[in-house]
Amino acid sequence: MSVRTGVYPGTFDPITVGHMSIIKRALAVVDKLIIAVALDTGKAPVFTLDQRAAMVREEIASLRGAERVEVKSFSGLLVNFAAENNAQILIRGLRAVSDFEYEFQMASMNRRLHKEITTVFLPASETTQFISSRFVKQISKLGGDISSFVSPNVEKHLRKYFDEEFK
Ligand code: COA
């Protein structure tokens, strides 16, 4: 039987409980999941590529089904990365209607670039769908409580980052 491999790409700056909920759902859809931490995202991430990937690895370590998950960083086109890793599916989480236009555009462009690779959208869970890494960083920077948006480990990394920035 062929292995169904999915790639879940993102900036993960940093990984949140929203991303984790998509990862758990994705494991029900694919046999093997590659979490692809992107260098080229059009955003200016706070954490380096290595730091973002390391945080994802730390989150995955205790996950049920972790043996089916691999964390990799990539640069360049997502579809090329997926093809090199023999993945047939791109996983994206959809939070609200507002995500749809951007995600639909990206899925369509990726399909044009590589027609054998299909995007599968998974709805974000109702308890996490409002979370955004951008706001998590802003709240952390301003000293707010982010404990319900990220794991204690990620919270620690964020606190360290902003403590050093304001030293
Ligand atoms: N629940 C809550 N929030 C979620 C979530 C969920 N389930 N899933 C994602 N989010 C949030 C993130 O926190 C993030 O918030 P932010 O915008 O405030 O930072 C946002 O949704 C989306 O981030 P993320 O999931 O990390 O994806 P991204 O949009 O940053 O990733 C890439 C974009 C990496 C997929 C895209 O830039 C890419 O493919 N780059 C490679 C180059 C390429 O091939 N380009 C051509 C594309 S057509």
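This is a chat about the fold, the cores and a few loop residues of a predicted model.

Visitor: Before we start, what kind of model is this?
Guide: It's a predicted model, where local features need pLDDT of at least 70, side-chain atom pairs count only at pLDDT 80 or more, and totals for chains, interfaces and linings use all residues. Residues are numbered from 1 along each chain as its sequence is written, and side-chain values use heavy atoms, with hydrogens and water left out.

Visitor: Okay, the sheet. What's the strand order?
Guide: The order is S3-S2-S1-S4-S5, five strands in an open sheet with parallel pairing. Strands here are DSSP runs of E with at least two residues, helices are runs of H or I with at least four, and both are numbered from the N terminus. Two strands count as paired if DSSP finds at least two bridges between them.

Visitor: Which strands sit at the edges?
Guide: S3 and S5 (118-123), each of which pairs on one side only. From one strand to the next, the twist averages 30 degrees. Angles run from 0 to 180 degrees between N-to-C directions, using axes fitted to C-alpha atoms, for helices over the stretch in contact.

Visitor: How many bridges hold S2 and S3 together?
Guide: Six, in the parallel sense, between S2 (residues 32-38) and S3 (residues 69-74). Leu33 stands opposite Val69 in S3, and Ile35 has Val71 as its bridge partner there.

Visitor: Which helix goes with those two strands in a β-α-β unit, and what's its handedness?
Guide: Helix H2 (residues 49-60), and the unit it makes with S2 and S3 is right-handed. Right-handed is the call if, with the strands pointing away from the viewer, the path from the first strand over the helix to the second runs clockwise.

Visitor: And which strands does H1 lie across?
Guide: H1 lies across S1 (5-10), S2, S4 and S5, running at about 120 degrees to S5. Helix H4 (residues 97-113) lies across S4 and S5, at about 170 degrees to S4.

Visitor: Switching to the inside. How many residues are in the largest nonpolar core?
Guide: There are 33, and those with the most contacts inside it are Ile23, Leu33, Ile35 and Ile60. A nonpolar core means buried Ala, Val, Leu, Ile, Met, Phe, Trp, Tyr and Cys residues joined through side-chain atoms within 4.5 Å. Buried is under 20% relative accessible area, exposed is over 50%, and partly exposed is in between (1.4 Å probe, protein chains only).

Visitor: Which elements feed that core?
Guide: Those giving two or more residues are H1 (17-26), S2, H2, S3, S4 (89-94) and H6 (152-165). H2 gives the largest share, five residues. Apart from this core lies another, of 11 residues, among them Val7, Ile34, Leu78 and Ala82.

Visitor: Back to Leu33. What is it in contact with?
Guide: Leaving aside neighbours within four places in sequence, its partners include Gly6, Tyr8, Ile23, Ala26, Leu27, Val69 and Ile91. Contact means heavy atoms within 4.5 Å.

Visitor: Now the loop between S1 and H1. Where's the cis peptide bond?
Guide: Between Asp13 and Pro14, with omega about 0 degrees. Pro14 lies in the loop between S1 and H1, and Asp13 is found there as well.

Visitor: Is Asp13 buried or exposed?
Guide: Buried, with a relative accessible area of 3%. Its side chain reaches the backbone nitrogen of Phe47 at 3.0 Å and makes a polar contact with the side chain of Lys137 (2.7 Å). A polar contact is a pair of N or O atoms within 3.5 Å; within protein, one must be able to donate a hydrogen and the other to accept it, and residues adjacent in sequence count only if both atoms are side-chain atoms. Among the residues Asp13 touches are Pro45, Arg52 and Ser133.

Visitor: What about the phi of Phe12?
Guide: Phe12 has a positive phi of about 50 degrees although it isn't a glycine. Phe12 is in the loop between S1 and H1 and is buried, at 1% relative accessible area. Asn86 has a positive phi too, about 55 degrees, and isn't a glycine either; Asn86 is in the loop between H3 and S4 and counts as exposed at 60%.

Visitor: Last one, Gln88. What does its side chain reach?
Guide: The backbone oxygen of Val3, at 3.3 Å. Gln88 is in the loop between H3 (78-84) and S4, and is partly exposed at 32% relative accessible area. Its contacts beyond four places in sequence include Arg4, Thr5, Glu116 and Thr118.
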